[in-house]
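Please work through the following exercises with the sequence and the structure in view. Each task is followed by a solution in steps.

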Amino acid sequence: MSSCAILSSTIRMEGASVADFSWTARSPLEHALVAGTHGARGVEAGVSLTEIRNFDLIQVMARRGQGAELGKAAKARFGVAVPDAPKAVQTSDATLIWSGPDQFFVLSKGGKHAMQTLAPALSGSLSDQSHARALISISGAKARAMLAKLSSIDLHSDAFPVGAAAATSMDHTSVTLWRGGDRPDGQAVFNLLVFATFAESLWHTMLDSAAEYGVATGHSAELA
Amino acid sequence: MKYSIFSLARAALSGHKNWQRTWRDATPKDRYDVVIIGGGGHGLATAWFLASEYGIKNVAVLEKGWIGSGNAGRNTTIIRSNYGLPGNTGFYELSMKLWERMEQDLNYNAMVSQRGVINLYHSDAQRDAYARRGNTMRINGIDAELLDLAAVKKMIPFLNFDNARFPVQGGLLQRRGGTARHDAVVWGYAHAASALGVDIIQNCEVTGFVRDANGKVTGVETSRGKIGAGKVGMAVAGSSSRVAAMAGLRLPIESHVLQAFVSEAIKPLIPGVMTFGAGHFYVSQSDKGGLVFGGDIDGYNSYAQRGNMPVMEDVCEGGMALMPMIGRVRLLRQWGGIMDMSMDGSPIIDRTPVDGLYLNAGWCYGGFKATPGSGFVFAHLLARDTPHKEAARFRLDRFRTGAMIDEKGQGAQPNLH
Amino acid sequence: MRIVCPFCGERELGEFTYLGDAKPVRPEAGASEDEVFDYVYLRDNVAGQTSEYWYHGGGCRAWLKLTRNTLTHEISSVEPAAGVGARQAVK
Amino acid sequence: MTSQSHRLTSGGLIDRSASLNFRFDGKAFSGFQGDTLASALIANGIKLVGRSFKYHRPRGILTSGSEEPNALVELRTGARREPNTKATTAELYEGLEAASQNRWPSLRHDVMSVNQLFAPIFVAGFYYKTFMWPAKFWEAIYEPAIRRAAGLGRAAGVADPDHYDKAWAHCDVLIAGSGPAGLAAALAAGRAGARVILCEEDFSLGGRLLSDGGTIDGVPAAEWLSRTLAKLADMPDVRIMPRTTLFGVYDGGTYGAIERVNDHLPSPPEHQVRQRLWRIVARRCVVAAGAIERPIVFAGNDTPGVMMASAMRTYIARYAATPAKRVALFTNNEDGWRTVETALGAGLQIAAVIDARPDISPAHRSLASKSAFPVLHGSVTGVDGGKDGVRKIAVSLTGDARAEVEADGLAVSGGWNPAVGLTSYHRGRPKWRDDIAAFVPDGAPPGMVAAGAANGDFGLSACLSQGFAAGAAAARDAGHSGKAGTAPVADDEAFSLTPLWHVAGKGKAFVDYQHDVTASDIELAQREGFESVEHLKRYTTLGMATDQGKTSNVAGLAIMAAVSGRSIPETGTTIYRPPYVPVAIGAFAGHHRDETFHATRLTPSHHWAVEQGAVFVDTGLWKRAQWYPRAGEKDWLDSVTREVKAVRGGVGFCDVSTLGKIDVHGPDAGAFLDRVYINTFSNLAVGKARYGLMLREDGMVYDDGTTSRLAEDHYFLTTTTAKAGLVMQHLEFCRQVLFPELDVQLTSVSDQWAQFSIAGPKTRDLLKEIVDPAEDLSNEGFPFMGAREVRLRGGLKARLFRISFSGEMAFEISVPARFGGAMARNLMLAGAPFGVTPYGTEALGVMRVEKGHIAGPELSGTTTAADLGLGKMMSTKKDYIGRVMAGRKALVAPDRQVVVGIKPTDKARRLRSGAHIIPKGQTPGPDNDQGYVTSVCFSPTSDQWIGLALVERGRERIGEIVHAHDPIRGEDYDVELCNPVFYDPDGGRQRG
């Protein structure tokens, strides 16, 4: 199920009582994310943090010894080969992100590749993770400097080119990190999936780490 | 030579030219009644108690390097008897009582300092666990107090009480706990044991066991030749598996590295010993002024005697979380000792399946405080061939029978104890 | 310490958790108490080259078998631990 | 205001346009940008800067770097006070305040210098021989006095107000030191295409080039330096980090470095840190950290005004500050003479050169005659002087002759020790080189080489060529094949030395200045058998001070070698330990302090609970709602009791999303669960849930939880909150390592689902308002232990489990996590007519104790399934983890402590966990300590306190009155052992 608000209906309660309630999805960062600029003033923000709020995220794992079959099915579905190494592959309407041996994530804009549509197409074990993660896009001239405070992996362009992905930890918190396409101004974009219940905590840590460079925050419904 | 302020003053007049060696520099004899492998605190204490309590003076202590070069010289010097399980509680209290008379026993100032040990708690569950442990101590006649937040604030006002991630709620205090000068413990036992006739033989590495036709151990092969022995006691924590392997034994022990740290010397800042209950950090301040602190083991098998960065960071994080006043105090030195981590976190003092070979091992990170008690009960075992009452549960076969002494409840995974 | 995860590449120690010796093999169903005792409790505790289990919990969640020297911490090989501790599979 | 009376009128690398005011011991001075505190003090004619540790002897500045043992100050004031700060590395800034330490009432008049009178007694290790009688006096009198006397500076004693952070960096070639060797290495590696990081502890780059000059590639060193720095700045993958000390090397090519980001400012600018800890991962490392000049041990060698020769020329050349007007030099080597040249160049007088070598070079001889100063072949045997510095120097000449030299400064050079710290941290032992009489690196960690002076090759030419070669080789080894070009060239210089460690003489001759260890202390240690260098160090405290023995260790062991009749290499060195320089503890912690010590996990309904005014409790990393206070409730117990009553009498809900949740997929999922649980799951019907218990392989209970079968090949497993991560790890171990033949996949879905427990007799009424009317929630349609997906009103899909922890009619409902807040709101809205009440973990705990369910305190890791009353769940028909070990003798013994209920015989009595159980009528002792109370609560249902306890043979003793003994809280009372299920023992309510 997409991580975005999809169900909002006012329903009429049975019996005498009448109540209005709706199923409004709330991002795990909704409380912490205050759009605007933070930290150092009088400089152009060196880091930009954007939360992406409308996505479907499905974890797909091959059955025992069925990695190749799953790969075939996925190729048929997405038109590209599933990454068999730590990489993120962009398809026309999804990103396939390696998450471990014989497993990957399907990330798509809300409603594109949801559990119900994907399950019949892929012969593996599928788990919906759309609500289990927050998705944050990180860019800016100082993005790497900020990430160096949180991540022990080498994010130099040679070591972590566009399309590189990592299942890793940041500040002791498990994350999935991958490098998306560069921004039009040539700057690198790092995308980060973090467990929803850790998201607020890591967000504050990122803000702290970025504060000296100046940081612009916001959210978007669009996948980069 | 008897040590005192008077002998010091006399010696001063002669420019300190007349002092004798603190212990005799012995050359190995052909045979001893008892050979102790390991010139650390435990081995030397065992020798001293054999000689002083059990009248067995034909004893050698074999040390592969210099005495005290293992964990005796590489720890955070804490003494306490705040254990919660039968088997441990009585033993560590026996040890504590021996600490309390050590200097008079040995005529050596080991700076035993009972400034108190407090374990802080941060949750109701932790408080209850400490209450249980404190009650065990009280039932065994050991001093213990459960302090509430107000009492802790009064006693150690410099902790972070205002904006802590895991606020301190109180603590379990043993006032008789404290520290001792680790090297002096080694030298003191060496000094006193040597005076009673024990041979302390340094730079003498054991390379094998001499066995008779029945498999009984009758001596040891060493880098300084063969030495016969009525009985052989191993007190080589950190290397127990390696030495036991020479006798064909496999032990329920893994070797892990535990780091410790000392800061630059500063004027008195911290009164006693404190342990953080929400992270891996414990600290005391040495008489010289350095903050002596440590935390968790590095977590993987190692004989390398040095630690890695993540644990150093973890320990300092605990320190800063507990008392952010140490932020500008500088860490001066880090070192690593090799721990005999046993499968239940408690020691083993027992005969082995090999006749004539006795084992004192598995001290985890708690060996220093056990030094006098360990020596006492190991001497008893070697002298009498039956376990001392207070060490009766430290059996080697307890893992086989299921009678583990598992204070932390972590089971057969040594790095979690 | 840095461990080269066969799946993820070189990673920092903090991403991994140590379990212990990878030599003992879990006895088959019906094994005696003595055999299981040996498996659960007794260790060679080698000073030198040893094989051991590590978990890449901060990464791909693979269990790995490392060959590592306990005297120098030098790691000479890292491979997936799949099936390393298994008794003969009953087919 | 003292003017800068000892500042040369020109020269030096200071910015004379930027005058800086500072205070030392309250007195105002000025210096310039580019000064250290030490150079500024020297420029102001200050010689006395500190007192020694034991004897409180007056001390001056000895060195110009991080090896300084004497000139330690308390820098800054208030919460930012930094004790033991080396004046020689503290960068001057406007408004700097520093104070001398370890003296009272003042530096000039220090009462504790009376200790010098007791010096005949205060020899090495004297404290081991006394203070033993009477025993009680140690803690009461002796020790406090010793503690007060010991220590150096005072820590602030209040929380550090500054921030720190930590960062990672990666490179091919890491270089320590920016002297000629380091720069040449950077140049070579950078040109070859390697990613380079160069760390320099100083704030200026250049190392000894800044003081010693020279000619490189035909241009003056200063010019070569600026050209080289410009070249390096043009290489995008070369990163130069000044004010950064490489302090340690760890496994796998990980290095620790400390960057003093803002220590050169009064306080860090907003949003910036004071210092940053770097973890640098490098393929190769070139140690070009130089060498440290070593003192010669002679009587009075600690008199203020005695200074290392290289330091003296650094102060003169780099800082244009003159430590003395009339300088004497005592040297045993060629290099010391440079100080004479520098001093002469600055217009200072040379009183004499005392050279211990039998002969000197013709160049120096002609310099002496040209400049008209005497060259004395001999040694310094004493220094006449005091607080205000050197006045006269006694010299013993070759033969029996003696001489006196009048001077106000004595430069000393005993040769150079390569900085072997970094190369020795993996327990590599440095090796002795006779030609330089020094230890040089050997056995360096993998990937590390030393170059230049750090390798024992002191000449400028050797530094450049070795550094360059090392940089080029390192780049090549790291896989970079670019052309490094050619090495910079300089004229070679001679270095000759006659070893001289100790000059016998009257008076204290210091080896370790800071710890007041003298040559005679070392002799005493040898006499008493402390001959091993490690014993020597521990007995005398040699080398254990804040300078880590950088100036003292080698001299100390040379003296030990001499008195014990061994050679220096036979005597050996102590083990070198990181960090290379002391590092602030705050830097190692970074931002992990205060509320950000650890991460915080928030439940999906967290912010809703905040709005409700919930009180939160820390459970692992989680913040959980503990109770929801309402106006008028006097304490937590009021709130919790109300919540329990509301549930038992109506309906309530609780966020239980913290439970670990794992999708178990695959055709062998059931078989897999059979092997990890003691009970069977393969026969669980789809749409059903079952309680499961896991053991560790040693037979003790590990974890419990409810697992449901959602499809033939899909189970949904839950764990306790505490063990969520560990159980996942354990299951992955079983799956990957032990049972690879099973086709099963595991995925943590803990964060995907917001899960709520809804409990109480009106649960179904409430659910009907939430769940789509088409769903059958009747007892028949959704029986106890049912589990399936349902549609909610509005179309949202949820998972519904009919399970109960409270003993009430209850369901757990899961919705995708982002609807967690909405679910809480909607439950409140829909439940309003039924008086729905949110409840927290306390009420949850009360109800589980009332129901006799086990939880954390009983799952202690030392209890068996049978201890917990769950022995019957242990299947005898299959193998599972822990089965065999659980059968060991002591684990099935009849006298084990097992879970029972307890209730006080006095109904008004409050129970407390942690009390021990003693048979009634007996005096408590180790032999009758039969168990302890694990969990207690006030049970609103029973209207009294009740609890669970682990008690020896407890189940056989139901009804027995025993004694609850709680001496640590001063409580003793009787309790009755009873059935642990206090509430609805038949379970009718949860099934109804």
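**Exercise 1.** Which residues of α21(D) are buried?

*Solution.* The model is predicted: local features need pLDDT of at least 70, side-chain atom pairs count only at pLDDT 80 or more, and totals for chains, interfaces and linings use all residues. Residues are numbered from 1 along each chain as its sequence is written, while chains are lettered from A and ligands numbered from 1 in the order in which they are written.

Step 1. Apply the criterion: a residue is buried if 20 or more other C-beta atoms, placed from the backbone, lie within 10 Å of its own.

Step 2. List the residues of α21(D) that satisfy it: D:G820, D:G821, D:A822, D:M823, D:A824, D:N826, D:L827, D:A830 and D:G831. The helix is thus mostly covered, with nine of its 12 residues buried.

**Exercise 2.** Explain why the span of α21(D) agrees with its number of residues.

*Solution.* Step 1. The expected span is 1.5 Å times one less than the number of residues.

Step 2. For the 12 residues of α21 (residues 820-831) of chain D this gives 16 Å, and the end C-alpha atoms are 16 Å apart, so the two agree.

**Exercise 3.** Describe the burial and surroundings of α7 (residues 337-345) of chain D.

*Solution.* Step 1. The buried residues in this helix (a DSSP run of H or I, at least four residues) are D:W337, D:R338, D:T339, D:V340, D:T342 and D:A343.

Step 2. Among the elements of chain D against which they pack are α6 (309-317) and β19 (349-355); contact requires C-beta atoms, placed from the backbone, within 7 Å.

Step 3. After α7(D) comes D:G347, with a positive phi near 85°.

Terms used
Helices (H or I, at least four residues) and strands (E, at least two) are DSSP runs, numbered from the N terminus. Two residues are in contact if their C-beta atoms, placed from the backbone, lie within 7 Å.
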